[in-house]
Amino acid sequence: MGESALSNPERRMLAALLGNPDQDWSLDEVLSACSWHDQAQAVGAGQGLADAGLVSLNEQASAVWTLGIEGERAHADGLLEARLWNWLVSQPESERGMGDLNSAGFKRHETGPGVGLLKGLGVKIIAGSLTLPEDASEFSGVADILSARGDFLASLVEGMSEESLDSSMLAHFKGRKDLIVSSESVSRTWKVTEAGMAVDSSTLVEATQIADITPELLQGDGWRNAEFKPYDVNLESANPMTGKAHPMQALIERIGAIFLEMGFTEISGDYVTSAGWNMDALFIPQDHPAREMQDTFYLDNPASIDIADEQLKSWQEIHEHGGDTGSLGWGGKFSPEIAQRGLLRTHTTVNTIRHLAKNPKEPCRVFSVGRVFRKESIDRTHLPEFHQIEGIIMEPGACLPMLVTTLKTFYAKMGYPEVRVRPAYFPYTEPSLEVEIKWRGEWLELGGAGIFRPEVTEPLGCSAPVCAWGMGLERLAMLVLDLDDIRQLYISDLEWLRAQPIL
Ligand code: PHE
């Protein structure tokens, strides 16, 4: 790294150190030579210079001792043994019993250890009474010890490095609970290396570095000769906690963006529709199991939705005998009442069908992402309300390879390049496909597709072939968001929501 890449603080620090290149510079010396107040600035600049090989860094870890909780109390009120001693020497001999200690205000938890400490100083217990040493000279010896202990504690108020402390005193207090505590401190010194000495000090002039590119800056000419602060993408940063779209909404928007990019137009439709548009228009026989009450939410209001007679008639012909399509139809008797029953749509294929009914001759590429309703029992992978991604391509020449390529392109853009199709059956498509994508080595079924049958398109008046597909959104969401329970999407778990990536 050349010196040209040095930051301003690094330049300032190297210039200062070059003032005395043989010196080991301490933190305080660096701070004052650079006119800095913040240690972090010196440590950061020193680290940058060391990384560039321009200074060498010497780090020495040492223990620093300060007062613990009991030590602070002792420093304020006197050491326990000192308070006891002072009491003892001022008491008449007959009133130095253990009971007297308690009535003198010493706490229960103090008396035990306190007496132990006094014994260490030569006090004996004779017939239940604390007895001072006989030799009066020991008195002054004890006073000296007590004042030395007090001074030792006082010296720790600001913290002292281990080397500068009296080792026997340190050992004594280490053996007592919570009087002194140590912490690790690192002292650093920096020294210019040979490479650092070779730096031409004229290059160490601090330049105005631009950290923010503002509109004002860009409007003027100031940026032309400016130096830009390098942007370090590896630095730790805080996670911004801003509002963002719910992952499901974000996914829906991303899917929409992909289809728009592929030249599709978005359509939508109502949740409430008739069985006719949801099913009869799709040549789903009126006795199909999916039409049963236990699968579909039929409505009491509206219990029935009007459909134009002409429309009903064309479905009737198709269902009963295939109309003009050459199909045999399903046979039996078509019921206009069944067709007019109100329900919650069970698939968004109704959106594309209604679009075709309105625009039978206009080639189109349309899609919708919408909510559908089925009577499913709720579990890890099922909800009674879910979403489908639906789409059609209608144009002369629309064909199966076009359909498969479109789906492959969509899933590749979603990040799933491996897609395969398998034969399937739907009453409204021929051929019919199942679409699968490969995820973590497994093939997962995501939806259905096919070419609409003439029984579907002819009553609507379409003549060009129609590629159609309908796929589950929740399944895809589980893959994209790595979920194993679909309900996670709807329980408003704020912690989980915050942790979700922006899609
Ligand atoms: N409607 C089908 C479903 O709900 C999917 C599908 C749509 C299949 C269009 C073929 C064509 O699963």
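Here are a few questions and answers on strand β17 and the ligand in this predicted model.

Reader: Is strand β17 largely enclosed or left open by the rest of the structure?
Author: β17 covers residues 466–472, and 7 of the 7 are buried, with buried meaning under 20% relative accessible area. So the rest of the structure leaves this strand largely enclosed.

Reader: Which residues of β17 point the other way from V466, A468, G470 and G472?
Author: In a regular strand the side chains alternate between the two faces of the sheet. In β17, V466, A468, G470 and G472 take one side, and the residues on both sides are buried. Pointing the other way are C467, W469 and M471.

Reader: Which residue of β17 is the bridge partner of G450?
Author: Strand β16 (residues 442–452) runs antiparallel to β17, joined by 5 bridges. β13 also runs antiparallel to β17, with 7 bridges, and there E390 stands opposite G470. For G450, the partner in β17 is A468.

Reader: Which strand gives the most to the shell around the ligand?
Author: β13, β16 and β17 each supply at least two residues of that shell. With 3 residues, the top contributor is β17.

Reader: How much of the ligand's exposed area does the protein bury?
Author: H347 has a polar side-chain atom 3.1 Å from a ligand nitrogen, while R374 puts one 2.8 Å from a ligand oxygen. Y428 has a polar side-chain atom 2.8 Å from a nitrogen of the ligand. Taken alone the ligand exposes 330 Å², and the share buried by the protein is 91%.

Notes
Residues numbered from 1 in each chain as written. Predicted model: local features only at pLDDT ≥ 70, side-chain atom pairs only at ≥ 80, totals over all residues. Heavy atoms only, no water. Buried < 20%, exposed > 50% of the residue type's maximum accessible area, 1.4 Å probe, protein only. Helix = DSSP H or I, 4+ residues; strand = E, 2+ residues; numbered from the N terminus. Pairing = 2+ DSSP bridges. Polar contact = N/O pair within 3.5 Å; in protein donor to acceptor, adjacent residues only side chain to side chain. Areas by Shrake-Rupley, 256 points an atom, 1.4 Å probe, with all protein chains shown as cover.
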